[in-house]
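Please examine the sequence and the three-dimensional model shown below. The paragraphs that follow lead through its main elements, beginning with a single loop.

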Amino acid sequence: MRRTTRSVLATVLSAVVGLFALGVSTAAPGASAAGSAATMASKPADVVTDGCLASVPEPGSGEPVQICYTLFQPGIATGRTKVPLVFQSHGWGGSRWTTREQAARFLDAGYGVLSFDQRGFGESGGQAHVMNPDFEGKDVQGLVDLVSELPWVIQDAPGDPRIGAIGGSYGGGYQFLMAFEEIGATGRQVVDALVPEITWHDLNESLAPSNIVRLEWVLALVAAAVPSDALPPNVYKALLEGVATGTWPDGSVPGTEDMVTFMAKNGPKHQVAQGRRIDVPVLFGQGTTDTLFPLEQALTNWQVALTKQARKKSIFTAYNGGHVLPAVLPAGVSVDSDPCAEQLAGGDFTDLTLAFLDRALRGGEKTLKGYGRFHIATPDSTCLTTRSVTPTREVPIGTVATSATAGVPIATEIAAGPLSVTGNSHLTALATTLGVDSRAFYGLAVGTSPADAVLVQNNVMPFRADLPMVGEEVRIELPAVGVEVPEGQSLFLMASPLSDTFVGMGSRTAAAVLLEDVVVHLPRR
């Protein structure tokens with residue numbers, strides 16, 4: 001079955017591989033700048049070592065899986081001069097840092113670095129269980145144990161090395177897993193600081209909000225896994241089921257896969273449900289135009305995964321970038337910038353990261369401002385700062401209806417500018433849907449009129465009604481945004497029967513979705 005499934009996928013995904021390679025962007029550049037020759041000559045040479053450790057076997061196997069890593073020891077680090085260490089790992093389908101140049105900015109700042117290939121990728125064995133505590137959780141715990149035996153790394157207690165963590169997307173997911181699993185295993189905070197970028201809170205909600213598949217991204221993620229055969233066979237099969245049915249498989253139909261259960265443990269949502277909270281500083285970097293792990297995923301992590309004390313020591317930033325695909329229907333924006341890192345640290349996201357880690361891992365001076373606050377980029381590349389992202393205003397806008405199943409998006413005015421909106425929004429309404437499995441997509445847009453309004457930051461959220469509804473009360477979440485609406489323009493609610501992020505995921509029968517007595521709840525400042 002596995003070979004057959006992959007051959008079918010090869011046909012389906014042939015164009016998507018190129019799209020995935022080109023479509024993922026981020027305004028936060030990687031740490032790849034090398035130190036000058038003069039600087040390197042004036043200090044002891046760094047030591048770069050490759051290795052692998054044995055971790056838990058795959059299901060049905062008794063053979064340990066090898067997790068491979070590269071360890072970078074800065075030249076200044078010795079048994080007498082100990083330094084903190086920074087974990088780093090790659091995004092989905094990627095591989096670890098192996099050269100000094102890739103880790104240079106952290107080595108030059110006096111940090112050790114351990115970069116590793118995650119299970120199923122690079123030189124590591126096994127298959128990707130997508131940050132499952134029973135597999136990837138054991139892998140990162142083994143790496144922490146390894147670091148706890150290095151004589152040149154600061155040890156806060158036996159088995160408790162001084163460590164931070166960096167990485168984006170899948171490389172952000174391992175950070176939360178590592179921190180939470182160490183809390184579960186030891187009862188204390190072993191990981192001392194996190195810098196997760198463009199990552200998730202709940203994979204089921206990210207990949208299939210309201211059980212409606214983000215088809216383009218699911219195809220792209222599977223395409224990236226095919227070359228190394230990284231995913232278990234049931235995931236490939238589940239993809240085809242999702243493509244065929246338009247619904248995220250939950251095993252309710254006999255003989256189908258259950259992705260809801262497969263993904264249930266694979267993120268902070270599960271860890272929070274176990275009563276765990278992170279109580280160390282976290283620097284969030286999320287993409288405002290990210291259509292895979294949207295801004296609201298990181299806002300949820302801030303609100304529920306961290307303790308109140310940790311939030312006071314943490315910083316939330318959002319830049320224009322992330323997992324980005326062209327926004328054509330409904331029309332969106334094309335912008336790539338990080339004004340908040342510039343505002344906070346005077347440079348790029350790595351500059352911000354280094355300043356943050358210096359305070360968190362070394363007890364350095366508090367050179368950064370903005371702790372305990374949200375700093376969110378706008379499409380105009382300004383940075384909005386706020387203490388709260390919860391709705392504060394209610395705006396009645398009357399009736400909103402989508403056109404027929406294949407119709408165009410319709411924009412309804414919410415409020416005229418000037419105004420700013422920063423954070424989470426939702427709407428409440430009385431819904432009427434005459435078809436079976438009716439669907440519509442909603443987002444916030446800006447323009448001078450309904451005719452030229454474009455999505456604020458490219459995201460929409462789906463609404464789904466399995467059975468016909470007549471005047472039933474509903475609440476529909478809207479994408480989190482940061483935007484300043486100037487005078488002469490207005491904020492609109494965009495309603496569409498189709499979305500290019502959810503290709504082929506519109507209503508299953510031809511019928512409009514009618515919302516009456518609509519009230520939009522905005523975090524308006």
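**A guided reading of the model**

Asn458 lies in the loop that connects β19 (454–455) with β20 (461–465). The model is a predicted one. Within that model the phi of Asn458 is positive, near 75 degrees, although the residue is not a glycine. The relative accessible area of Asn458 is 5%, and because the limit for a buried residue is under 20%, Asn458 counts as buried.

Val130 offers another case of backbone geometry. This residue is found in the loop between β5 (112–116) and α4 (136–147). Val130 is not a glycine, yet its phi is positive, at about 60 degrees. With a relative accessible area of 8%, Val130 is buried. The general background is that most residues other than glycine have a negative phi, and most peptide bonds are trans. The second part of that background bears on the bond between Gly417 and Pro418, which is cis, with omega about 5 degrees. Pro418 itself is placed in the loop between β16 (410–416) and β17.

Strand β17 leads into a sheet. Which strands form this sheet, and in what order? Four strands make up an open sheet in the order β15-β23-β17-β21, with antiparallel pairing. Because β15 (393–401) and β21 (469–485) each have a single partner strand, they stand at the edges, and one side of each has no neighbour in the sheet. From one strand to the next, the twist averages 20 degrees.

The pairing of β17 can be followed residue by residue. Strand β17, residues 419–433, pairs with β21 over 13 bridges in the antiparallel sense. Val421 has Val483 of β21 as its bridge partner, and Leu430 is bridged to Glu473 of β21. Strand β17 is also joined to β23 by seven bridges, again with the two strands running antiparallel. Here the bridge partner of Ala431 is Leu515 in β23. Of the 15 residues of β17, 13 are buried, so the strand is largely enclosed by the rest of the structure.

A helix also meets this sheet. Helix α11, residues 295–305, packs on the sheet and touches both β17 and β21. The direction of α11 makes about 90 degrees with that of β21.

Two other helices allow a check of their length. How far apart should the ends of α14 (residues 349–362) be? The helix has 14 residues, and at 1.5 Å a residue these should span 20 Å; the end C-alpha atoms are 19 Å apart, which agrees. At the N-terminal end of α14, Asp348 acts as a cap, with a side-chain oxygen 3.0 Å from the backbone nitrogen of Thr350. The buried residues of α14 include Phe349, Leu352, Phe356 and Leu361. Just after the helix comes Gly363, with a positive phi of about 70 degrees.

Helix α8, residues 233–245, has 13 residues. From its first C-alpha to its last, α8 reaches 19 Å, close to the 18 Å expected at 1.5 Å a residue. Among the buried residues of α8 are Val235, Tyr236, Leu239 and Glu241. Gly246 follows α8 and has a positive phi, near 75 degrees.

The interior can be considered next. In soluble globular proteins, nonpolar side chains tend to be buried together. The largest nonpolar core of this model has 92 residues, of which Leu85, Phe87, Trp92, Leu114, Phe116, Ile278 and Phe316 touch the most other members. Helix α7 (residues 215–225) gives the most to this core, contributing nine residues. Apart from residues up to four places away in sequence, the contacts of Ile278 include Phe176, Phe180, Ile183, Leu194 and Leu306. A second core, separate and made of 32 residues, includes Ala415, Ala440, Leu444 and Leu522.

One further loop deserves attention. Thr501 is found between β22 (490–496) and β23 (513–522). Is Thr501 buried or exposed? Its relative accessibility is 7%, and Thr501 therefore counts as buried. When neighbours within four places in sequence are left aside, Thr501 is in contact with Arg214, Leu215, Glu216 and Thr291.

Methods
Residues are numbered from 1 along each chain as its sequence is written. This is a predicted model: local features need pLDDT of at least 70, side-chain atom pairs count only at pLDDT 80 or more; totals for chains, interfaces and linings use all residues. Side-chain values use heavy atoms; hydrogens and water are left out. Two strands pair if DSSP finds at least two bridges between them. Axes are lines fitted to C-alpha atoms, for helices over the stretch in contact, and angles run from 0 to 180 degrees between N-to-C directions. Contact means heavy atoms within 4.5 Å. The expected span of a helix is 1.5 Å times one less than its number of residues. Buried means under 20% relative accessible area, exposed over 50%, partly exposed in between (1.4 Å probe, protein chains only). A polar contact is a pair of N or O atoms within 3.5 Å; within protein, one must be able to donate a hydrogen and the other to accept it, and residues adjacent in sequence count only if both atoms are side-chain atoms. A nonpolar core is a set of buried Ala, Val, Leu, Ile, Met, Phe, Trp, Tyr and Cys residues joined through side-chain atoms within 4.5 Å.
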